[in-house]
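Biologist: Please take a close look at one part of this model, the way its side chains pack together inside. I am a first-year student, so please go step by step and give the reason for each label you use.

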Amino acid sequence: MKIFVAILILLFVGGVVFSACSWTSGSQEGLVFPEENISYLLHVKPFLEQNCSYSPCHSYANFAGGICLIEYHQVIAVANFIIPANPDVSRFVQILEEKGVPHYTYFYRKNITENHTKGVRQWIKEGAINQ
């Protein structure tokens with residue numbers, strides 16, 4: 001009986017997490033990263049807004065995992081999330097490329113294109129500058 005109750009709780013919690021972050025705040029169609037000279041304001045911030053920093057995920061309303069990704073200083077302040085000039089060890093890139101860093105919103109990956117992942121990687125490679 002205890003196992004059955006535990007499974008029901010896990011299913012309920014999993015359903016809450018799934019429904020809480022199963023949408024994004026905007027269309028991805030217009031968001032295209034250039035091959036170089038990536039701008040935080042023009043490219044990375046809109047990407048975060050559409051995929052990460054909306055309510056109820058990494059926003060002021062929720063701070064999922066204790067992380068808020070609304071402003072540049074918050075993005076940079078998260079331990080090992082962004083390592084300027086070193087995308088391979090930046091957790092953000094590892095999450096986007098699904099390289100061993102657990103994250104619980106894999107079900108909406110269709111919203112994140114290869115261009116987005118490469119763009120974030122390039123921005124970090126260029127020093128993750130706030131411009």
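Modeller: Start with Phe-63, which has a relative accessible area of 35% and counts as partly exposed because this value falls between 20% and 50%. Keep in mind that the model is predicted.

Phe-63 belongs to a ring pair, so the ring pairs come next. Two rings pair if their centres lie within 6.5 Å, and by this rule there are seven aromatic pairs. One of them joins Phe-47 and Phe-92: their ring centres are 6.2 Å apart and their planes meet at 45 degrees. The pair is called tilted because that angle is neither under 30 degrees, which would be stacked, nor over 60, which would be edge-to-face. Phe-47 sits in helix α2, residues 40-51, and Phe-92 in helix α4, residues 91-96, so this pair ties together parts that are 45 residues apart in sequence. Phe-47 and Phe-92 are both buried. The pair of Tyr-60 and Phe-63 is also tilted, because its planes are at 55 degrees, with the ring centres 6.4 Å apart.

The pairs also join up. Phe-33, Phe-47, Phe-81 and Phe-92 are linked into a cluster by ring pairs.

Now follow Phe-47 back to its helix. Of the twelve residues of α2, nine are buried, so the helix is mostly covered; buried here means under 20% relative accessible area. Besides Phe-47, the buried residues include Tyr-40, His-43, Val-44, Lys-45, Pro-46 and Leu-48, and Gln-50 and Asn-51 are on the list as well. What do these residues pack against? The buried residues of α2 pack against α3, α4 and α5, the last of which covers residues 114-125. At the start of α2, a side-chain oxygen of Ser-39 comes to within 3.2 Å of the backbone nitrogen of Leu-41.

From Phe-92, go back along the chain to Arg-91 and Ser-90. Arg-91 is in helix α4, whereas Ser-90 lies in the loop between α3, residues 72-77, and α4. Ser-90 has a relative accessible area of 0%, which is under 20%, so Ser-90 is buried. Arg-91 comes to 28% relative accessibility, which is between 20% and 50%, so Arg-91 counts as partly exposed.

Their contacts can be read side by side, leaving out neighbours up to four places away in sequence. Ser-90 is in contact with Asn-80, Phe-81, Ile-82, Ile-83 and Ile-124. Arg-91 touches Ile-67, Val-78, Ala-79, Asn-80 and Phe-81. Phe-81, which is in the ring cluster, therefore appears in the contacts of Ser-90 and in those of Arg-91, since contact means heavy atoms within 4.5 Å.

Asn-80 is in both lists too. Asn-80 lies in the loop between α3 and α4. Its C-alpha atom is separated by 6.0 Å from that of Arg-91, although these two residues are eleven residues apart along the chain. The phi angle of Asn-80 is near 60 degrees, a positive value in a residue other than glycine. Asn-80 has a relative accessible area of 47%, which is not over 50%, so Asn-80 is partly exposed and not exposed.

Glu-98 gives a second case of a positive phi in a residue other than glycine, here near 55 degrees. Glu-98 lies in the loop between α4 and α5. At 46% relative accessibility, Glu-98 is partly exposed because the value is between 20% and 50%.

How many disulfides are found in the whole structure? The search finds zero disulfides. Cys-52 is in none: the nearest cysteine sulfur is that of Cys-57, 8.2 Å away, and a disulfide would need the sulfur atoms within 2.5 Å. Cys-52 is buried, because its relative accessible area of 13% is under 20%. Cys-68 is buried for a similar reason, with 5% relative accessibility.

Last, the setting of this part. The chain has five helices and zero strands. It has 131 residues, of which 40% count as buried. Among contacts between residues at least 6 apart in sequence, 56% join residues at least 24 apart.

Technical notes: Residues are numbered from 1 along each chain as its sequence is written. This is a predicted model: local features need pLDDT of at least 70, side-chain atom pairs count only at pLDDT 80 or more; totals for chains, interfaces and linings use all residues. Side-chain values use heavy atoms; hydrogens and water are left out. Rings of Phe, Tyr and Trp (its six-membered ring) pair if their centres lie within 6.5 Å; planes under 30 degrees apart count as stacked, over 60 as edge-to-face and the rest as tilted. Helices (H or I, at least four residues) and strands (E, at least two) are DSSP runs, numbered from the N terminus. Buried means under 20% relative accessible area, exposed over 50%, partly exposed in between (1.4 Å probe, protein chains only). A polar contact is a pair of N or O atoms within 3.5 Å; within protein, one must be able to donate a hydrogen and the other to accept it, and residues adjacent in sequence count only if both atoms are side-chain atoms.
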